[in-house]
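Q: Could you take me on a close look at a single part of this structure, the sheet and what lies across it? I am in my first year, so a friendly walk through the strands would suit me well.

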Amino acid sequence: TFQDGGEEVEDGAVYNVTLKKVQIQQAANKGARWLGGEGDQLPPEHTVRQYETSKIRAIRAGTLEKLVENLLTAFGDADFSYISIFLATYRAFASPRAVLELLLDRFGNLETSSHGEEANLNSLESEMVLRVEIASVLRAWLDQCSEDFREPPDYMCLLKLLDYLKNNMPNSDMETRVQNLLKQFQNQEVEAVDGFCSTSSSDLVDGEELEISNPEEFSSFQDHVVAEQLTYMDVMLFRRVVPYHCLGSIWSQRDKKENKNLAPTVRATITQFNAVTKCVISTILGTRELKIQQRAKIIEKWIHIAHECRILKNFSSLRAIISALQSNSIYRLKTTWMCVSKDILLMYEELSEIFSDHDNYLTSRELLMKEATSKFANLDSSEKENQKKSQKRLQLQKNKGVMQGTVPYLGTFLTDLIMLDTALQDYVEGGLINFEKRRREFEVIAQIKLLQSSCNSYCLIPDQKFIQWFRRQRHLTEEESYKLSRDAEAAADTNILSPKSQKSMVKRISTLFLGTDVFTPPKEQPPKSSPVGGSSGESTDSASVSSCEFNHSETEDVCVTPVSSPEDPLKKGYDSDKGSISSDKGLISSKGSGSSKGSIFDPGSGSDSGSIPTRDLGLVPSSAPKVLPVYNRQSGGSCIIRVSMDGLHTSVYKSILITNQDRIPDVTQRALLKHNLEPDAVEDYELVQVISEDKELVFPRDANVFYGMNSHVNFDFILRKKA
């Protein structure tokens, strides 16, 4: 049993104390011994138990010197996880050189050490004890975080460590190990992961150029082969992720100019994620000559590939594919989606629900932890046919006799670590480093390490033909994909349909104007009177991480889930919240070191997208709301407006959900947040509705936007700085 023992305060450190009561002996009582009984064979009433109370000290906060000193005393204080926690997180508050100097100087200055009780610190015994402790810490450091010593071209820390070992532990296995590590680093001029970028043109052999996907070549790859190769690339990158690169205090600094090479292992993983997303979009939209049915077949193929990724427990590529299919340019292809079979649409719906943002992505988190400790995927499907196919594929995997690992969607962990870094202070009273924060961060880091270990179970062989094809793909920009999407939909609308197909389409197209959002389970739909995704109409994922840059760099991010609209999206501009590469959403979504609102699924933003017809599949009960808030229509006390910044083209806007309770300051603040501006500057801006080319409606400061707006014109607004 455990009991709180309060805290102990020392000079430069604060400790949490826990008292642990442990049974150390169980023996027969006096009467039982007279009868000749043994303690472990007697009922409890005939035994005597002896207990011992031990004290566990865990450092809660301290100076850097105290935290390093605690590396040597942690085992004596029964804080057995301290060394692993410190090594995984210390980069947030110290450099390897500072820690190494403190650690080695402590060993070299025994006379100043307070380690030990009344023993003479200059005695051989005390020196041997300290030598063993130093060696155990160094061994753990090299085992768990050898990347800390990769400092080309000088490798100052590694050379300092080697010099120390030669003087104090000559000819030891530790000295040999450090020498080998130094040679290994020197032979690797550039870290391997820096060059591993599946979309980099430097990966192409001489004479090759980037090209738009050939549908026939893509169709020649079997679904399970594509999934296995995507998994192979994801595994190679995820295993190389250095856990401390994911810490919020480090990852949030990546956008600074001087940090362009910060966290390369995480950047490489994000680049691969975005490459998969863009590959999906380019294969669907890249060829203008495709017929509707051909385009639908490609969508079906990607859904099958996503299902194969699910069987392989590759949640990274699975989410990348789903995100691409939910991007504005693909989601809006109404006519194409009508040609996708019902069974495959249902499979797509089930795969999409894995990443529902309900309860902070609770479904995907629980599934990830469940899969992390299982040998094979745990598959469930409400559709019998899909269930049969899944079990058949899974059985083939099991027959191979090779266990599978689990590749997570790294953005979930990055978001958690950003939130922890934002919520908890780095320093506590007295300027002491808050080590409780590092213990919390280590809980997330430990999950990453567990999943990295599981990836060793994969046994995948690279297919060079597919990998070369994947690297050759030219990725469409946001503008290109949107234009191709409009052209494809316009061409589909002009096609002459047969009477039979016309009848089928009329039946399906009637469902498009009911506002059903295929990606949100009906039971999770909020009442129409309250904003979707929260009281302010924003995403519930309030702190996320960012890889987006406005210059469409390698770390741009992917799409959000659009909200259906009754209007023809071809007649509207694109929402800069949406698209295959969004300006402030996606795998990551904050600028600089701060955090911003938004997530990969943001139902709180509007869109000009059409919806995929699913009501005829029986997926939406009759009790579900008939109409969700939409653009250009007030219904149920809410609607969606589009807000552009003054001076920018009106086709670049942010969709904002408003209710009949929202007043000008609330809407202005949300618009500023959406446009990545300071929300505190509400008083400096005015919100106006565009009535016509020469007329605007200016709102008083405390006006109710919902009732004050002109509902007979487009719900287009401009956010303008006051003169």
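A: Let's begin with a word we will need: two elements are in contact when they have heavy atoms within 4.5 Å of each other. Keep in mind, too, that this is a predicted model.

Now to the sheet itself. Five strands form an open sheet in the order 7-6-10-8-9, and their pairing is mixed. Strand 7 (654-659) and strand 9 (695-698) stand at the edges; each has a single partner strand, so one side of each is left without a neighbour in the sheet. From one strand to the next, the twist averages 40°.

Next, find strand 10 and look at its partners. Strand 6 runs parallel to strand 10, and four bridges join the two. With strand 8 (residues 685-692), strand 10 (residues 716-721) pairs in the antiparallel sense, over five bridges.

You can follow this down to individual residues. I718 in strand 10 has S644 standing opposite, and V688 also stands opposite I718. Beside that, Q689 stands opposite F717 in strand 10. As you trace these positions, remember that in a regular strand the side chains alternate between the two faces of the sheet.

Finally, add the helix. Helix 25 (residues 664-674) lies across strand 6 (638-645), strand 7, strand 8 and strand 10. Compared with strand 7, helix 25 runs at about 155°.

Methods:
Residues numbered from 1 in each chain as written. Predicted model: local features only at pLDDT ≥ 70, side-chain atom pairs only at ≥ 80, totals over all residues. Heavy atoms only, no water. Pairing = 2+ DSSP bridges. Axes fitted to C-alpha atoms, helices over the stretch in contact; angles between N-to-C directions.
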